[in-house]
Each structure stands twice: as C-alpha cells, then as structure tokens.
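Ready for a little practice at the bench of the mind? Have a look at the model below and work through the exercises with us.

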Amino acid sequence: MLVDEIKNAFGNATDLIIRPFIIDNREITLVMSEVLGSSNYVNDFILKKLLNLKFQSNDLEQELLNLIPTNNGKILDNLNDMTDYICMGFALLIFSKTKCLAIEARATVDRGIPSVSNESTVMGSKDAFNENFNTNVGLIRRRLRTCNLFVDGMFIGKNSKTKIGILYMNNIAIKKNVMAIKEHLNKINVDGIIDSGVLKSYLDTKTSVLFPTITSTERPDKVAQALLEGKIAIVTDNSPFALITPTFFVDYLHTSDDYYGKAINASFIRIVRFIAFLIAIFIPALYIALTTHNQDILPLSLFLNFMEQRSSVPFSALIEAIFMSISFEILRESDIRKPASMGSSVSILGGLILGDAAVAAGIISPIMIIVISISAISGLAFSSMEMISALRWWRFILLFLAMFFGLFGIFVGFIVLIASLVTTSSLNVPYLAPFSPFIKSELGDALIKGSHKKLRKRNPLLTKNIIREKVNNEENNHN
C-alpha cells in the first residue's frame, strides 16, 4: 500500500503522523510531519471539512480539490514527490492506491524579523533577514515594489534540497551575468547546502585566494541597493544572510550610513577606512623594516628610543610581532565565541595579561604592543570577516618580507598586493573597478562620494541601462 511505502521511506520515523479516516464510507488517510506541519491548521481547515464531506460523485480527486480550497495544493502520484512534499511541511490526503492530494500546512518555525547585529547603522533601517525564505524575499520586495524584480528559484542538495532564490532587476541586470550564476549553481552536486556560507564557498571565484569576491549581508536595504545597481542577490532558505555578486574592492569601504548622510561626511569616513586598510597591513612590517634593516631613515632620537625599549627583550622583532598578533587573534576568537556576558571579561583579562604583564616581564616591548594594537584595531574597521581575514594574512606576509628584505621587501609585497587585486575578478567583472579598468563615471561613488544629484549613472560593467533617469522614466510610462 502507498501508506506503507511512505512509512518505509521515512524508516518508521516517530514524527510521522498517519491517521486513517472513514469519510462517507470511503477511506482517506492523512500523512504529515508532526514537526514541520501545523496541527492547528490541519485540524481547523482540513479535518473539519473532511468530517462533513458528502461525496457527490466517484471523482474523489476533484471532490477533494473543491472541498479544500488552497493556493498551493497539488495531486501527486509519485512516491519521491510525496516524501519531498512531506519534508516541505505539506499534509497528504491519500485517497487511492496511487494518488494523494498535497496541501500546504507548514508550521511557523522562524524567529520573526530580528534587528541588525553585525552591520548596524546609525540612521538606516534596523530590520534584518531571518531563516525564513519567504520572509527574506518579502523584505526585499517591500523595498522594490516593481514587477521587474525577478526571483528565480531552484533546489540544491541531494539530501537537503535547500531552496535557493536568485534575485535580479530584469530591466537593469545583464542577462549574461544571471545565466552565469544559474549555470554555476546547477553544477553544484553535493549532499546538502545548510547555509548561504556553504553556498558561497562553491560560488567564490578561484582568481582570489584571500580577498572576498562575494558579499554576505544581513541587511535587506543593502541587497535592494545592490539590485538597483545591476548586481545579483542569492537568498538561501534557513540562512539569515543573503549573497551579493559581483563585488568590488571599494564595496568594503562603503556602509549603508554613507547614503543617509552628507556626501562630505561619507567621503571622510571612506578615506579613514582606506587608511585603516593600509595601516592594518603595512604598519607592523614598516616598524620591523625600520628597526632591523633601514635604521638610517629614522631620526637618531627616535631610533635610540626604540632600541632602549627593546634592550631587555630577548626575542627578535619578528618573533615579538608574531607572538602579539597570534595572541590578539586568540583573544578576538575567544571574544567572538563566548557569550556576551563573558566577552567583556575575556577582553579585560587578555588586555591586562598582554599589556602590563608582558611588558613587565620583559617579553614584549611597549612600542610593539602599540604597533600591533593599532594594526589589529584598524582591521576591525571592516565588518566583513573575510576581509578581516585577508588583512591578517597580508599582515603576516609583509612581516616576513620586511624581516628578511627590509623596505625593499615591503615594496615587493605592495606590488604583489596590487597585482593580486588587479587580477582578481568577481563574476568575470574586474575586482578593482572603477580604478582598473578606469571608469570615470563611477569615481563619484568610489572613494570620494558625490551628491545624489551627481550619481545619475550606473556601473557599465553591471548594466546596459546606465542612465538612471532613463530607466525610471520608462518605468513610469509603463505604469
């Protein structure tokens, strides 16, 4: 029997509800998952109607469809489809040996719309994505109320069958980029995709080993802004983060607050972030190079001050820097993984041990603590964990180059860094645009932000509809 086949397919799972009924002298069996389906919905909208059912014909299929009006009901005659629908929260009404009616009866298992936790802003919206696919798409559609916002869905994972949504503006995004994303997703053949972070690892370009080429965000307003620029967003079921591609290096210098305030203030903060990027990578290496290989560049008084502080330290400057950097990373990781109530205690304890105690013991010089602290704090100016990790790796690379080759090693490392950025691409789009290739129209929203009135053009690498007013006028005429 069909019921036995479903039971065997689930291995007699304890959360599988199988309830037979005799309705007007005909047997109908209800099958659903207790944890995925809503018992209240089934009791109030399905069972009550079934108990009062009087069949007018022998066509049970049509009788049931007419009895229980649903916008998402479907007749199934395949066992694999039946098990899939049960796993999606549907209730099955089996009325024959081979067929059943699947009725959507999903239980609400999400946590509502949370507040932003990782990418907080002062004046921006406070709502964030949650683990519900429909809620996340709805948060985006609430901001882009147009039929030009297309959502193409698919399921990935042989066992997880995770729902994936590809969002793009049909009148703005380049179709070639959309097709490239779909082809890439279709090639993913794995047991399961549990979160957008797992999906990101399959989509990330091989042209960059360290720098992130796909943006992960919890902010629906950031996704809406990216879609208007011609980018593509990917929403993953059971994940509170959406992916945005393609991504440029300058995107990590921008925040949502940049577009809610005056252009001059946003430009100043972007310059500060860029300086923080350089400090996070180069300051420790520069200190090591000047104190070990290129002392003649320093003023004599400053050089003597450095040497006096390091006179009691038994380790080389490189060992000092590595020890302090690894200690900070351990402290930061402990701070992230611990509950909020314990995080501050860990930070205070770590600061005391790595600060006063290390200096008093003669293990670390005071200037090295200052240098590594400034470098580490500068890296925290970025909210992207992948960008912070990239800065960490480049900091260590420059440290070793400075230790062995001095300022010449730093210069070589700088050339390699620029070459890495120039050769990196995201969805076949140059990562360092609009600087390489040079796009004059995009400079108004790269490092220096222009006023909203001057930002009339979109990035030609992302869309063919470059003029914003032209597209808006076409949409208004269409409406």
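Two exercises follow, each with a worked solution.

This is a predicted model, in which local features need pLDDT of at least 70 and side-chain atom pairs count only at pLDDT 80 or more, while totals for chains, interfaces and linings use all residues. Residues are numbered from 1 along each chain as its sequence is written, and side-chain values use heavy atoms, with hydrogens and water left out.

**Exercise 1.** Describe how α14 packs against α15.

*Step 1.* Find helix α14 at residues 385-405 and helix α15 at residues 407-423; helices are DSSP runs (H or I, at least four residues) numbered from the N terminus.

*Step 2.* Their axes lie 6 Å apart, at an angle of about 150 degrees. Axes are lines fitted to C-alpha atoms, for helices over the stretch in contact, and angles run from 0 to 180 degrees between N-to-C directions.

*Step 3.* List the contacts (heavy atoms within 4.5 Å): W394, L398, L401, A402 and F405 of α14 meet L407, F408, G409, I410, G413, V416, L417 and S420 of α15.

**Exercise 2.** Which residues line the largest cavity?

*Step 1.* On a 1 Å grid over the protein atoms alone, a cavity is a set of points where a 1.4 Å probe fits but cannot get out, and lining residues have an atom within 4 Å of a point.

*Step 2.* The largest cavity has a volume (the space filled by probe spheres set on the points) of about 40 Å³.

*Step 3.* Its lining consists of F328, E329, R332, A376, G379, L380, I388, R392 and R395.

*Step 4.* At least two lining residues come from each of α11 (317-337), α13 (366-379) and α14.

How values were computed
On a 1 Å grid over the protein atoms alone, a cavity is a set of points where a 1.4 Å probe fits but cannot get out, and a pocket is an open set with protein on both sides within 12 Å along at least five of seven lines; lining residues have an atom within 4 Å of a point.
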